Amino acid sequence: MPTKWPFQFYVETLFLSLSLCSSSFLFLIYVLFILLIKLVHTKYMAYMRLGSKPEAFHREGHTWLCTTGLQSDVTVEIGEMSFNLHKFPLLSRSGLLANLIEEHSGEDGSECVLKLNGIPGGAKAFELVAKFCYGVKIELTALNVVSLRCVAEYLRMTEDYGEANLIAQTEAFLNEVFSNWSDSIKALETCEEVLSYAEELHIISRCIDSLAMKACADPDVFNLPAAGKTDSQNQGSIVLWNGISTDAKPQGLGENWWFEDVSYLNLPLYRRLILAVESRGMKLETIAASLIYYAKKYIPLMNRPSSFNNPNHGNAVSTPSEADQRVLLEEIVALLPNTKGVTSPKFLLRLLRTAMVLHTSPSCRDSLEKKVGAQLDQAVLIDILIPNICASGETLYDIDCVQRILDNFVSSSQDASLFSSPCIVEENQYMNGTDMLTPMTMVANLIDGFLAEIATDVNLKLPKFEALAATIPDYARSIDDGIYHAIDVYLKAHPWLTDSEREQLCRLMNCQKLSLEASTHAAQNERLPLRVIVQVLFFEQLRLRTSVSGWFFVSENLDNSQNPCGNLGFPKIDASQDRTEVVADMKERVSELEKECVNMKQELQKLVKTKRSWKIFSSRFGFRRKAQPSNLKESGELKEPAPSTVQNKENSDVAQ
């Protein structure tokens with residue numbers, strides 16, 4: 001019968017200690033005993049000893065010989081290895097070997113030779129089987145139990161051929177292995193050696209279910225080890241005088257405590273584990289984080305150095321080939337959750353760049369572009385600067401890819417109520433940023449920055465630039481300073497554009513939505529077409545007159561508020577001091593606005609080449625020389641033409 005670690009010895013020691021010690025030490029002894037049992041159980045729970053006889057085999061080259069003194073009468077050949085054994089120990093334990101020996105035994109009693117090249121686990125597993133049949137001491141661990149369970153099934157080592165046979169022993173030990181996280185990981189890794197047999201016996205599915213259950217549960221419940229630590233490290237740093245650890249489990253494990261351990265599984269097993277934890281309701285954010293960890297570990301292009309010198313894993317993980325990396329990346333993309341916001345756009349764009357380098361399937365890249373497009377408002381400029389690796393690509397960055405991503409974002413963010421809204425929207429509504437407009441506004445700023453970055457590329461064709469800029473709807477830009485800057489950079493890098501192409505390019509911006517700083521720059525920008533400069537000046541003059549009219553409206557309201565009761569006989573409120581300050585401030589602002597208007601006229605004069613053209617402009621836009629501030633003091637009022645008449649006339653002139 002097999003024996004486990006002798007807990008009975010510790011129980012007997014406890015009762016002996018209680019009988020010898022006084023009652024004052026009973027509690028202390030009890031605590032020490034519990035700690036000792038916990039330590040022993042934690043360290044040796046994945047350990048089972050079978051047999052009791054000493055070693056009876058020795059190896060000579062590729063041959064195993066039995067040292068019992070009896071001459072061998074059966075030889076088992078497995079590949080290059082041969083085992084010189086005896087019939088009776090094998091007959092009493094294995095149904096398959098019993099049938100083979102009976103078939104191959106000669107009537108003359110000559111030695112029987114059996115060839116078992118298809119045995120699971122190979123010669124290494126059969127060596128342990130042979131020792132088990134002879135009753136030699138062997139140890140079951142998480143690293144050999146799977147192969148022993150498969151070879152026991154292959155050899156038909158059931159209870160019909162001896163009590164407590166190898167199938168029953170290994171099956172019982174597997175149940176203990178599945179109760180421990182670290183041992184389950186080790187056992188699952190060894191399933192790769194006997195994959196078909198482990199699959200047939202449902203060892204892989206049971207192991208994955210065990211791991212999925214523990215990964216979805218509280219790690220403290222199962223006394224789970226911290227990833228990447230040895231058993232001694234997991235037992236804590238506080239040690240008593242007798243070597244017993246008082247802290248047998250790690251503290252404060254996060255949701256990613258299992259990432260490192262499962263990352264050593266091969267891709268098919270890892271995929272099945274991810275699907276298992278997802279079916280058990282694990283948070284999608286945690287699943288995505290595990291996939292990111294796995295991808296960064298095995299794809300060097302993800303720019304994540306990793307160390308494979310884990311003391312819990314003897315073999316170093318080698319870098320996969322380019323073909324394996326391609327398959328791995330496509331599988332990672334397929335496993336990523338489709339829920340928006342689960343995976344960061346930064347990582348998705350990094351995956352997309354890597355997919356282009358590895359030449360993954362078009363469906364993989366299309367899936368990544370859709371995932372990025374769904375949350376493009378969370379991306380930053382440096383992430384969308386995707387290098388163009390196409391052989392036929394002329395531009396420095398992949399403009400077509402960004403265009404597809406932007407199209408996906410626009411199509412995913414369309415809202416019927418948004419497009420059915422009135423054409424005229426107050427500017428403060430853009431600035432406040434409602435829930436519907438904020439993502440689109442953020443993307444507009446992102447694309448404007450991207451356009452300014454790629455505009456310096458002399459190989460960038462005008463249609464591509466225009467198509468990308470025009471994809472952003474007009475309502476998404478509260479001000480057009482960003483697109484104006486991109487247009488200016490493009491004009492500077494492409495001085496050979498014709499006048500018609502320049503005017504076509506400038507139609508991408510709305511001169512009425514330029515800030516004062518951008519308008520001032522545009523009015524002096526020689527690269528802009530003359531028609532655009534005139535439009536900028538017109539809207540600046542219109543804004544100037546509106547501002548002046550607003551000051552007079554405030555002044556009139558202030559006059560009315562000083563004597564709201566008229567001639568009703570109420571006492572008059574004296575606020576002459578406040579009124580004087582307001583009027584003085586208003587006059588100062590009017591003087592500044594007049595100076596700005598004069599400066600704009602001077603800039604316009606530089607642009608026209610003949611005196612006749614200036615007369616046409618001045619007569620068309622109605623520029624007049626305003627009264628000086630000293631005349632304002634004498635007259636006490638500034639006569640302003642009817643705003644509606646002037647504005648209608650100017651609008652009609654600009655339209656022409």
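**Exercise 1. Work out whether V357 is buried, exposed or partly exposed, and where it sits.**

Start with the accessibility: V357 counts as partly exposed because its relative accessibility is 40% (buried is under 20%, exposed over 50%, partly exposed in between, with a 1.4 Å probe and protein chains only). Next, place V357: helix α16, residues 345-358, holds it (helices are DSSP runs of H or I with at least four residues, strands are E runs of at least two, numbered from the N terminus). Then look for company: V357 joins L301 and I389 in a nonpolar surface patch, together showing about 230 Å² of accessible area.

A quick note on the source: this is a predicted model, where local features need pLDDT of at least 70 and side-chain atom pairs count only at pLDDT 80 or more, while totals for chains, interfaces and linings use all residues. Numbering runs from 1 along each chain as its sequence is written, and side-chain values use heavy atoms, leaving out hydrogens and water.

**Exercise 2. Lay out the open sheet of 5 strands.**

Write down the order, β2-β3-β5-β4-β6, with mixed pairing (two strands pair if DSSP finds at least two bridges between them). Now mark the edges: β2 (57-60) and β6 (112-115) each pair on one side only. Add the twist, which averages 20° from one strand to the next. Finally, zoom in on one pair: β3 (63-66) and β5 (81-85) run parallel over 3 bridges, and T63 has S82 in β5 as its bridge partner.

Technical notes. Patches are made of residues with over 30% relative accessible area and no salt bridge: like charges are joined within 9 Å, nonpolar side chains (Val, Leu, Ile, Met, Phe, Trp, Tyr) within 5 Å. Accessible areas come from the Shrake-Rupley method with a 1.4 Å probe; for residues, only the protein chains shown count as cover. A salt bridge is a side-chain nitrogen of Lys or Arg within 4 Å of a carboxyl oxygen of Asp or Glu. Axes are lines fitted to C-alpha atoms, for helices over the stretch in contact, and angles run from 0 to 180 degrees between N-to-C directions.
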